[in-house]
Amino acid sequence: MSEKKAMIYLQPTPVRIWHWLNALGIVTLCVTGAQIRFPEYVNIFGTYKAAIELHNTAGIVVAISFFLWIFYYLFIAGTLVKLYVPNMGDIKQGIFRQALFYFFNYFRGKPNPHHTTPENKFNPMQKAAYLVIMMALVPLVIVTGILLLNIEPLRNTLLMIGGLKILVGVHFLLACSLCAFLFTHVYLATLGHTPFAHFVPMWTGWEEEEEQHQH
C-alpha cells in the first residue's frame with residue numbers, strides 16, 4: 001500500500017539544466033553518428049559534411065557538460081561519491097533487491113524497496129549503472145571523439161593505439177553502448193507509481209514523497 005505524502009525538492013536547477021542539455025547532446029550525437037556511419041541508409045541532416053559538423057559541435061557540448069557535471073557534484077554539491085558510488089549495503093543486498101523489483105515485483109504491484117530522498121536519490125542499481133556510465137563510458141567516448149576531432153595534432157597518439165580504423169571502431173562501439181543505455185534509462189524512468197512520476201522532477205525539481213508500507 002502506498003500513501004502520497006509531502007513534496008520533496010529532488011532535482012536542483014543546475015542538475016535539471018545539465019540533464020536536458022546533456023540529453024539533447026547525446027541524442028544529437030546518436031542521430032548524426034548514425035548518418036556518418038551509414039550515410040547510404042540515414043540522411044536526416046542533408047549533406048554528409050553537415051552531419052559531421054553537427055556531430056562535432058554536439059560532442060564538444062557534451063564534453064563541456066560532462067566537466068561541468070563533475071565540477072558541480074565535486075565542488076559545489078559535494079555529493080558525487082555519496083550519490084554515485086554504491087556502498088557495501090548496496091553491493092551485498094541492495095542491487096539484488098532492486099533487480100528483483102524491476103524484473104519481477106514491479107509487475108506484481110509490490111512497492112519499490114528504494115525510498116528516494118535528496119541525499120539518496122538513486123537506488124543501488126542506478127548507482128552501479130551511473131558509476132560505469134559517467135565514470136568510464138562517457139569519458140572514453142569523449143576521449144576517443146577528441147582524438148578523432150583532432151587527427152593531425154594527435155597523429156602519434158593514433159598510431160600508438162592502432163591507427164584511425166581501430167579508433168573509429170572503438171568510438172562506434174562505445175557510442176552504441178551509450179545509445180543502448182539511453183533507451184534503458186527512458187524505460188526504467190517509467191517504472192514509478194505513475195509512468196511519468198520520475199519525469200516530473202526533471203522539469204519542476206519536485207517529486208511526490210511516498211511513504212511505503214508493506215503488509
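The accessible surface of the protein chain comes to about 13,100 Å², and 70% of it belongs to carbon and sulfur atoms (Shrake-Rupley method, 1.4 Å probe; for residues, only the protein chains shown count as cover). This is a predicted model in which local features need pLDDT of at least 70 and side-chain atom pairs count only at pLDDT 80 or more, while totals for chains, interfaces and linings use all residues. Residues are numbered from 1 along each chain as its sequence is written, and side-chain values use heavy atoms, with hydrogens and water left out.

**Exercise 1. The overall layout**

Work out how many helices and strands the protein chain has, and in what order they run.

Solution. Begin with the count: 8 helices and 2 strands (DSSP runs, H or I of at least four residues for helices and E of at least two for strands, numbered from the N terminus). Next, read from the N terminus: β-α-α-α-α-α-α-α-α-β. Then take the dimensions: the C-alpha trace spans about 65 × 35 × 30 Å along its principal axes. Finally, turn to contacts (heavy atoms within 4.5 Å): of those with a separation of 6 or more, 66% join residues 24 or more positions apart.

**Exercise 2. Two helix lengths**

Compare the expected span of α1 and of α5 with the distance between the end C-alpha atoms.

Solution. The expected span is 1.5 Å times one less than the number of residues. For α1 (residues 13-37), 25 residues should therefore span 36 Å, and the end C-alpha atoms are 36 Å apart, which agrees. For α5 (residues 124-149), 26 residues should span 38 Å; the end C-alpha atoms are 36 Å apart, which also agrees.

Now look along α5 itself. At its start, a side-chain oxygen of N123 reaches to within 3.0 Å of the backbone nitrogen of M125. Further along, a kink of about 35° is centred on I133 (the angle between axes fitted to the seven residues ending there and the seven starting there).

**Exercise 3. The nonpolar core**

Find which helices supply the largest nonpolar core, and trace what M134 and V138 touch.

Solution. First, the definition: such a core is a set of buried Ala, Val, Leu, Ile, Met, Phe, Trp, Tyr and Cys residues joined through side-chain atoms within 4.5 Å. Buried means under 20% relative accessible area, exposed over 50%, and partly exposed in between (1.4 Å probe, protein chains only). The largest core has 26 residues, and F66, W69, Y73, Y84, M134 and V138 have the most contacts inside it. At least two residues each come from α1, α2 (48-76), α3 (80-84), α5 and α7 (164-189), with α2 giving the most, 8 residues.

Then follow the contacts, leaving aside neighbours within four places in sequence. M134 meets W18, F66, W69 and P139. V138, in α5, touches F66, I133 and L178. The C-alpha atoms of V138 and L178 are 7.6 Å apart, although 40 residues separate them along the chain.

**Exercise 4. Buried or partly exposed?**

Decide whether V138, N105 and V168 are buried or partly exposed.

Solution. V138 counts as buried because its relative accessibility is 8%. N105, in the loop between α4 (88-103) and α5, is buried too, with a relative accessible area of 16%. V168, in α7, counts as partly exposed because its relative accessibility is 30%. Beyond four places in sequence, V168 touches R37 and L148, whereas N105 touches L100 and K110.

How values were computed
A polar contact is a pair of N or O atoms within 3.5 Å; within protein, one must be able to donate a hydrogen and the other to accept it, and residues adjacent in sequence count only if both atoms are side-chain atoms.
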